[in-house]
Amino acid sequence: MQVAILQYDAAWEDKSANHHRIEGMLRDADPGPGAFVLLPELCDTGFSMNLDRITGDGGRSVAWARGLAREHGWTIQLGHAEVDPEGMGRNCATIVTPGGEAFTYQKLHPMTVLGESRAYQPGRHLLVATLGPLTVAPLICYDLRFPEVFRLASVAGAELFTVGACWPVERIEHWRALLVARALEGQAFVLGANRTGTDPSLTYGGTSMIVSPRGEVLAEAGRTEECVLQATLDVADQLRFREQFPFLGDVRKELLGSVDVVRARSRTTDEASGSPPQN
């Protein structure tokens, strides 16, 4: 499975500028059809709490990503904001497929220290989506500090964790260590897309990463560079590793608690395998 992670300095609350930058970076990197493209948290606005400025355009972020996915044959995970009927924000990661499907996860842990919880309400479910050869669980930034969420997703079948983030430079070594830990714990691939640059409140630390189920860093960006990280995930090696060291079989599920899990399966996966589509 081919993957590509974008790391860049997001223009503050300017979707057009960010869409243009993302499109240019992908054009230059040229991931092949079928690639999974991961974008950072709130990828086309920056880490803004100004919901009236970043959500009043009728779902433009997802519509833009859908068009890009359809045109190039990519599956894209983007971070974006929505507003619920009560006027609170939803910090979302949506996966869009070349066929136009969209599967959305809402961040479970808005960060209180940064005031995020005053603007965005917490999500209520995990998303586990089968996309091509791997089953993916998207998560967002601060979720990375809560290993129980990753364990629950793993028990639900996740083989790849995709984390979009706006992670500050002051704690960037935590980011790096936690990505590797989540890969080792889940015997899973982990993709971490962090932005770089600054906004009116924070400076970000980049260090986007692709980590193998063995905890090996397959690709890593610097703290300040804008780049596209690419790698091919060896799904067969993951299966061999899990069979050789079946740690996940020793998980005591009764100790984990529970969470609602939304399961999704791309029609593209079913069409490729000859199976009937599932809802």
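This briefing walks through the sheets, helices and two buried residues of the structure above. The model is a predicted one. Two open sheets organise the tour: one has six strands in the order β5-β4-β3-β2-β1-β14, and the other has seven in the order β13-β12-β9-β8-β7-β6-β15. Pairing is mixed in the six-stranded sheet and mixed in the seven-stranded sheet too.

**The six-stranded sheet**

- A good place to start is the rim: β5 (102-106) and β14 (227-232) are the edge strands, each pairing on one side only.
- Between neighbouring strands of this sheet the average turn is 25°, with direction ignored.
- Strand β3 (residues 75-83) and strand β4 (residues 89-96) are antiparallel partners, joined over eight bridges.
- Within that pair, L78 has T94 of β4 as its bridge partner, and Q77 is matched with I95 of β4.
- The two strands make a hairpin with five residues between them, and G87 in the turn has a positive phi of about 90°.
- Strand β2 (residues 36-38) runs parallel to β3, and three bridges join the two.
- Here L38 finds its bridge partner in Q77 of β3, the residue that is also bridged to I95 in β4.
- Most of β3 is covered, with seven of its nine residues buried.
- Helix α3 (residues 60-72) packs on this sheet and touches β3, β4 and β5. The direction of α3 makes about 170° with that of β3.

**The seven-stranded sheet**

- The edges of this sheet are β13 (217-220) and β15 (260-265), and each of them pairs on one side only.
- Neighbouring strands are turned against each other by 15° on average, again ignoring direction.
- Strand β8 (residues 160-165) and strand β9 (residues 189-194) run parallel and are joined by six bridges.
- One of the matched pairs links F161 to V190 in β9.
- Helix α6 lies across β8, β9, β12 (209-211) and β13, and runs at about 160° to β9.

**Strand β6 and its two partners**

- Why is strand β6 (residues 125-131) described as largely enclosed by the rest of the structure? Six of its seven residues are buried, so little of the strand is left uncovered.
- On one pairing, β6 runs parallel to β15 over six bridges, with T130 standing opposite R265 in β15.
- On the other, β6 runs antiparallel to strand β7 (residues 134-140), to which three bridges join it.
- In this second pairing L131 stands opposite L134 of β7.
- β6 and β7 form a hairpin with two residues between them, and G132 in the turn has a positive phi of about 65°.

**Where α5 meets α6**

- The axes of helix α5 (residues 147-155) and helix α6 (residues 172-186) come within 10 Å and cross at roughly 35°.
- The crossing is right-handed.
- From α5, the contact is made by P147, F150, R151 and S154, while α6 brings R182, E185 and G186.
- Sorted by class, this contact has two nonpolar, two polar and three charged residues.

**Two buried residues to look at**

- I22 lies in helix α1 (residues 15-29). Is I22 buried or exposed? I22 is buried, because its relative accessible area is 0% and buried means under 20%.
- Apart from neighbours within four places in sequence, I22 is in contact with L6, Y8, L39, C43 and W64.
- For I22 and Y8, which are 14 residues apart along the chain, the C-alpha atoms are separated by 8.4 Å.
- T196 belongs to strand β10 (residues 196-198). With a relative accessible area of 3%, T196 is buried.
- A polar atom of the T196 side chain lies 2.8 Å from the backbone oxygen of R223.
- Beyond neighbours within four places in sequence, the contacts of T196 include Q7, Y8, D9 and A10. The contacts of T196 also include Y204 and G206, together with R223, T224, E225 and E226.
- Y8 appears in both neighbourhoods: Y8 is in contact with I22 and with T196.

How values were computed:
Residues numbered from 1 in each chain as written. Predicted model: local features only at pLDDT ≥ 70, side-chain atom pairs only at ≥ 80, totals over all residues. Heavy atoms only, no water. Axes fitted to C-alpha atoms, helices over the stretch in contact; angles between N-to-C directions. Helix = DSSP H or I, 4+ residues; strand = E, 2+ residues; numbered from the N terminus. Left-handed = near helix turned anticlockwise from the far one by under 90°. Contact = heavy atoms within 4.5 Å. Nonpolar A, V, L, I, M, F, W, Y, C, P; charged D, E, K, R; others polar. Buried < 20%, exposed > 50% of the residue type's maximum accessible area, 1.4 Å probe, protein only. Polar contact = N/O pair within 3.5 Å; in protein donor to acceptor, adjacent residues only side chain to side chain. Pairing = 2+ DSSP bridges.
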